[in-house]
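Subject: Structure for you to look at

Hi,

Here is the structure I promised. Please open it first, then read my notes below.

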Amino acid sequence: MPRALITGITGQDGQHLAELLNSKGYDVFGLVKGQNNPRIAGVLEQFPFVEPVSGDLADLSSLVKAIGLAQPDEVYNLGAVSYVAYSFTHAELTADISGLGVLRMLDAIRMVGGLDDSSIRFYQASTSEMFGEVRETPQTEMTPFHPRSPYGCAKVFGHYITMNYRESYDMFACSGILFNHEGPRRGLEFVTRKITNAVARIKLGLQDEIVLGNLDSKRDWGYAGDYVRAMWLMLQHDTPEDFVIATGETHSIHEFLDLAFAEVGIDDWQPYVRQDPKFLRPAEVDVLTGDASKAKEVLGWEPEVSFAQLVKMMVENDLEVEAAKAHLHG
Ligand code: NAP
Ligand code: F7E
């Protein structure tokens with residue numbers, strides 16, 4: 001059976017990828033940071049087939065040990081400080097984990113696998129945030145980078161060091177440049193889930209309003225379940241290459257609000273939405289649109305879930321989750 005090590009196993013993508021690899025017959029190992037932590041234990045309980053291995057992207061020796069224990073054929077490096085707003089107030093931490101963490105993982109693979117060993121295939125979670133202040137639309141694998149946050153800057157380093165180790169040491173190392181992808185497992189701090197969770201709570205009479213920042217941003221939003229399929233396909237390809245993964249459609253936060261509120265029968269959301277400057281960022285990424293033609297041609301990858309289906313899925317999930325919580329508490 002093939003063996004895979006996933007960093008960021010407790011995150012949105014880690015959970016989807018673990019399920020996908022398990023369904024394909026992999027032995028799945030998940031890098032877990034920190035000491036005994038009830039939150040992490042709670043997540044891992046849902047994935048009994050995942051073998052947890054202790055390790056932190058800030059600590060090279062822990063990564064060497066984790067690779068030694070898991071003996072993976074494939075490593076998916078999804079662990080990161082991934083919340084862009086947080087990266088402005090924790091810039092050094094973000095550079096350390098989301099940037100240098102990639103270098104540490106690549107070095108750990110070389111140390112365990114042998115210096116010229118390309119037998120461990122490596123996936124790096126690169127991001128559309130590297131395009132930032134976009135130089136052209138749509139963005140492809142060839143579009144120059146112009147990151148707009150410490151997160152984007154750290155990811156540019158991770159992207160280039162992955163490319164550099166591929167070119168220098170003949171490693172099977174590649175990056176997926178993934179545009180925003182969401183779903184019921186999305187963290188509550190990200191704008192899509194923040195909206196769908198609040199919409200559900202408003203519908204259930206548990207909350208009065210949503211407080212947001214910049215409503216003018218536009219994103220190319222896809223479904224996380226579709227995107228982890230692309231990660232796996234990239235590591236099954238004959239050669240290590242980088243791929244843009246996106247839907248090719250851009251939608252505004254206004255449109256997201258329209259669909260999410262319509263799902264619970266509210267046509268005019270203006271009375272429920274307030275803006276607060278505390279959610280504005282020092283620098284913003286205004287609009288992103290990805291061109292995933294290369295992934296379609298080379299990997300045969302295409303997204304299956306539409307924008308409207310995504311919003312519906314997230315609102316329905318939050319209605320269920322919030323109703324169950326309300327029932328439990330009284
Ligand atoms: P997420 O839900 O925020 O998950 C991040 C994961 O990283 C968590 O499991 C977290 O563990 C782990 N982590 C944080 N610090 C770590 C450390 N020091 N050592 C080891 N693990 C650490 O992120 P996601 O949405 O699943 O995204 C997965 C990856 O894709 C990230 O690298 C993200 O930057 C990138 N990405 C995401 C998107 C998107 O739209 N979702 C798009 C492009 C790229 P704890 O739970 O223990 O904190
Ligand atoms: O913000 C605006 C905000 O935090 C989207 C990460 O997964 O995708 C994600 O990064 C937009 C921004 O995602 C609020 O200013 C308005 O313009 O959901 P977000 P993100 O910054 O695009 C990329 C591809 C990644 O790689 C990242 O890891 O929405 N916005 N009001 C808000 N955003 C948040 N979070 N909260 C608000 O109240």
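One definition before we start. Ala, Val, Leu, Ile, Met, Phe, Trp, Tyr, Cys and Pro count as nonpolar; Asp, Glu, Lys and Arg count as charged; the others, Gly among them, count as polar. By that scheme, the shell around ligand 2 holds nine nonpolar, seven polar and seven charged residues. Keep in mind that this is a predicted model.

Ligand 2

Which residues are closest to ligand 2? They are Ser82, Thr127, Ser217, Arg281 and Glu284, out of 23 that surround the ligand. Three contacts are worth finding on screen. A backbone N or O atom of Ser82 sits 2.6 Å from an oxygen atom of ligand 2. Thr127 uses its side chain: an N or O atom there is 2.7 Å from an oxygen atom of the ligand. Val191 has a backbone N or O atom 2.8 Å from an oxygen atom of ligand 2. On its own, ligand 2 has 700 Å² of accessible area, and the protein covers 96% of that. Helix H7 (191-203) and strand E8 (210-212) are the elements that give two or more residues to this shell.

The two domains

The domain assignment gives domain 1 (3-181 + 221-245) and domain 2 (188-219 + 250-284 + 306-328). Each of them supplies at least three residues to the shell around ligand 2. Their centres, taken over C-alpha atoms, are 28 Å apart. Eleven residues of domain 1 and 16 residues of domain 2 take part in the contact. Together the domains bury about 1300 Å² between them, with 69% of it on carbon and sulfur atoms. On the domain 1 side, Tyr83, Arg148 and Trp221 lose the most area to domain 2. Those three make up 59% of what that side buries.

Ligand 1

Now turn to ligand 1. It is surrounded by 26 residues, and the closest are Thr10, Asp56, Ser82, Tyr151 and Lys155. The shell splits into ten nonpolar, ten polar and six charged residues. A polar side-chain atom of Lys33 is 3.3 Å from an oxygen atom of ligand 1. Leu57 places a backbone N or O atom 2.9 Å from a nitrogen atom of ligand 1. Arg186 has a polar side-chain atom 3.2 Å from a nitrogen atom of ligand 1. The protein covers 89% of the 900 Å² of accessible area that ligand 1 has on its own. Which element gives the most to this shell? E5 does, with three residues.

Best wishes

Terms used:
Residues are numbered from 1 along each chain as its sequence is written. Chains are lettered from A and ligands numbered from 1 in the order in which they are written. This is a predicted model: local features need pLDDT of at least 70, side-chain atom pairs count only at pLDDT 80 or more; totals for chains, interfaces and linings use all residues. Side-chain values use heavy atoms; hydrogens and water are left out. A residue is near a molecule or strand if one of its heavy atoms lies within 4 Å of it. A polar contact is a pair of N or O atoms within 3.5 Å; within protein, one must be able to donate a hydrogen and the other to accept it, and residues adjacent in sequence count only if both atoms are side-chain atoms. Accessible areas come from the Shrake-Rupley method with a 1.4 Å probe; for residues, only the protein chains shown count as cover. Helices (H or I, at least four residues) and strands (E, at least two) are DSSP runs, numbered from the N terminus. Domain bounds come from an automatic or database domain assignment. Contact means heavy atoms within 4.5 Å. Buried area is the accessible area (1.4 Å probe) that two parts lose on being put together, summed over both.
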